[in-house]
Amino acid sequence: MRHQEAVQRANRSVAQAVAAVDPTLRLHCHFQPPAYWMNDPNGLVYYQGYYHAFYQHNPYSPQWGCMHWGHARTKDFLTWEHLPIALAPSETYDRDGCFSGSAVVAHGALHLFYTGVRQSGGHLVQVQCRAVSTDGIHFAKDPRNPLIAGCPLEGAGDFRDPRVWTHDSSWYMAVGSGSAGRGKVLLYRSADLAKWQYVGIAAESDGSQGTVWECPDLFPLGDRHVLVVSPMGTNPRRVLYAVGDMDYAAGKFIPDSWGELDKGPDFYAAQTFFGAERRIMLAWMQAWESPVPSQDHNWAGAFTLPRELVLDSCGQLQVRPAVELALSRAERLMDAELTLDSGTCLLPVCDLRTGGYEVRLRIGLAGTSAPHMGLILSDAGGELRVVVGLRCEDLELYLDTTRAPGSQCGIYAAELQPAGDELEIWIFLDRCSIEISGPGKAASVTARVHPRCPQVVPEMFAEGGMAKANLQLWILKARS
Ligand code: FRU
């Protein structure tokens with residue numbers, strides 16, 4: 001009862017705040033909270049015909065604090081239906097917050113696993129808890145909570161973000177932790193989702209990969225397993241992944257290659273869906289370190305666009321925009337073969353008030369002698385100048401936000417590995433975000449940029465030679 005009262009109070013607060021949200025910077029084709037603060041995606045799960053997404057949410061302010069689980073569902077990742085808040089702090093063990101976690105479906109019910117936190121003696125006590133629903137909307141906390149009341153010796157005070165999955169009729173839980181300066185993933189096993197037995201350290205940092213590993217995700221992909229962790233204590237802070245194998249008997253994940261899941265500054269706490277046929281991933285499209293101008297407009301945070309993870313024929317992780325994104329196209333503004341000889345070419349102006357934009361650039365490498373080419377996106381007010389560039393010899397794709405107000409300014413690069421002569425680059429520009437990707441080991445870059453003037457003038461450029469490309473430009477549907 002206490003929990004439902006806390007949920008209702010939080011729902012009322014958000015409903016009242018919606019009217020005070022200034023729409024100026026609202027995104028068109030990304031999920032964002034109806035009002036106030038959000039961070040990590042939580043409990044991504046396919047259940048009863050919908051993709052459900054929960055998220056870390058403060059229903060009382062556009063700043064981080066008092067973590068609840070917001071909730072929404074979708075069939076296509078584009079049209080989201082906001083649902084009542086799923087979890088609110090209400091018990092002694094979670095009185096200061098319901099931190100991140102995951103969801104699974106078992107015997108027809110939806111089970112959320114989260115970290116309950118409470119302040120005690122100057123530190124945050126973190127325990128693992130469960131809440132269950134049979135209608136996918138109202139969640140009852142397990143009276144046996146906390147199901148895991150303390151961290152094993154190998155961990156430390158940081159002990160959170162349970163990720164549950166199933167393998168060979170057992171349940172497994174990966175919990176993020178860290179000690180002695182090394183991030184760790186602690187592994188538990190269960191037969192019934194209620195009693196959890198500690199197995200051991202499934203994976204840990206080599207000493208350079210962060211002091212605490214937040215938000216672990218561990219899942220099969222093809223005939224391998226992939227581990228994803230969001231590390232604290234690295235500079236810059238990037239979500240890491242490893243392709244490897246899971247030795248369930250030993251309780252160990254054996255990595256054979258590591259990489260960054262996205263090379264940009266505004267990508268964190270990535271998680272994939274449980275129960276979906278494809279491995280679809282969402283991440284928090286913001287960062288703890290980033291400026292957040294929309295806080296002045298009573299909201300903060302969004303998910304990235306959905307991305308699909310696949311292993312290519314060399315066993316490398318490829319990250320692609322999910323096919324559903326094609327449904328977000330409203331109108332094709334351009335489809336042209338362009339040949340540029342050391343010059344620039346103006347493209348149709350994009351008005352970010354009416355929708356987001358997608359650009360697909362298919363570059364013919366054989367016909368391209370320019371060592372440097374790409375797109376320059378400037379706003380009509382002359383303040384913003386973002387470059388999506390390609391260094392053709394090194395096959396490096398980069399995003400330059402050094403002249404982008406309200407962003408973490410920098411140059412962020414990803415290495416490309418085209419399969420043949422043609423190289424395809426995707427660019428998604430929304431009201432205050434840009435996501436780019438191409439073929440290569442997790443070759444994507446995500447950043448928040450906040451053009452004050454919403455008219456953006458794109459220009460293609462080629463430097464020092466000839467560039468040949470097919471360029472398609474779509475305006476995407478406006479938010480409803
Ligand atoms: C990651 C994180 C998680 C934690 C949550 C709190 O962004 O720090 O480790 O559960 O955010 O909101």
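In these legends, Ala, Val, Leu, Ile, Met, Phe, Trp, Tyr, Cys and Pro count as nonpolar, Asp, Glu, Lys and Arg as charged, and the others, Gly among them, as polar. The model shown is predicted.

**View 1. Cavities, with the largest cavity in close-up.** The structure holds 6 cavities of 30 Å³ or more. The largest cavity has about 90 Å³ of space. It is lined by 13 residues, and those closest to its centre are Arg-307, Pro-321, Phe-428, Glu-435 and Ser-437. Strands β21, β30 and β31 (433-437) each give at least two residues to this lining. By class, the lining of the largest cavity has 8 nonpolar, 2 polar and 3 charged residues.

**View 2. The second largest pocket.** The volume of this pocket is about 320 Å³. Its lining consists of 16 residues, and nearest its centre lie Gln-318, Gln-417, Pro-418, Ala-419 and Pro-439. At least two lining residues come from each of β21 (317-321) and β30 (422-430). Strand β30 supplies the largest share, 4 residues. The lining of the second largest pocket divides into 7 nonpolar, 5 polar and 4 charged residues. Strands β21 and β30 supply residues to the lining of this pocket and also to that of the largest cavity.

**View 3. The largest pocket.** About 480 Å³ of space lies in this pocket. Of the 18 residues that line the largest pocket, His-28, Leu-78, Trp-80, Arg-479 and Ser-480 lie nearest its centre. The lining is made up of 7 nonpolar, 7 polar and 4 charged residues.

**View 4. An open sheet of 5 strands with a helix packed on it.** The strands follow the order β4-β3-β2-β1-β19, and their pairing is mixed. At the edges are β4 (80-87) and β19 (299-300), each of which pairs on one side only. Helix α1 (residues 2-18) packs on the sheet and touches β1 (36-47), β2, β3 and β4. The direction of α1 makes about 140° with that of β4. Within the sheet, β2 (residues 50-58) and β3 (residues 68-74) run antiparallel and are joined by 7 bridges. Phe-54 stands opposite His-71, a residue of β3. Trp-80, one of the residues nearest the centre of the largest pocket, falls in the range of edge strand β4 (80-87).

**View 5. An open sheet of 4 strands.** The order here is β5-β6-β7-β8, with antiparallel pairing. Strands β5 (97-106) and β8 (140-141) are at the edges and have a single partner strand each, so one side of each is left without a neighbour in the sheet. Strand β6 (residues 109-120) is joined to strand β7 (residues 123-133) by 11 bridges, and the two run antiparallel. One bridge links His-111 to its partner Val-132 in β7.

**View 6. The hairpin of β11 and β12.** Strand β11 (residues 182-190) pairs with strand β12 (residues 197-204) in the antiparallel sense, over 6 bridges. Arg-189 has Gln-197, in β12, as its bridge partner. Between the two strands of the hairpin are 6 residues. In the turn, Leu-193 has a positive phi of about 70°.

Terms used:
Residues are numbered from 1 along each chain as its sequence is written. This is a predicted model: local features need pLDDT of at least 70, side-chain atom pairs count only at pLDDT 80 or more; totals for chains, interfaces and linings use all residues. Side-chain values use heavy atoms; hydrogens and water are left out. Two strands pair if DSSP finds at least two bridges between them. Contact means heavy atoms within 4.5 Å. Axes are lines fitted to C-alpha atoms, for helices over the stretch in contact, and angles run from 0 to 180 degrees between N-to-C directions. On a 1 Å grid over the protein atoms alone, a cavity is a set of points where a 1.4 Å probe fits but cannot get out, and a pocket is an open set with protein on both sides within 12 Å along at least five of seven lines; lining residues have an atom within 4 Å of a point. Grid points are joined across faces, edges and corners, and a volume is the space filled by probe spheres set on the points.
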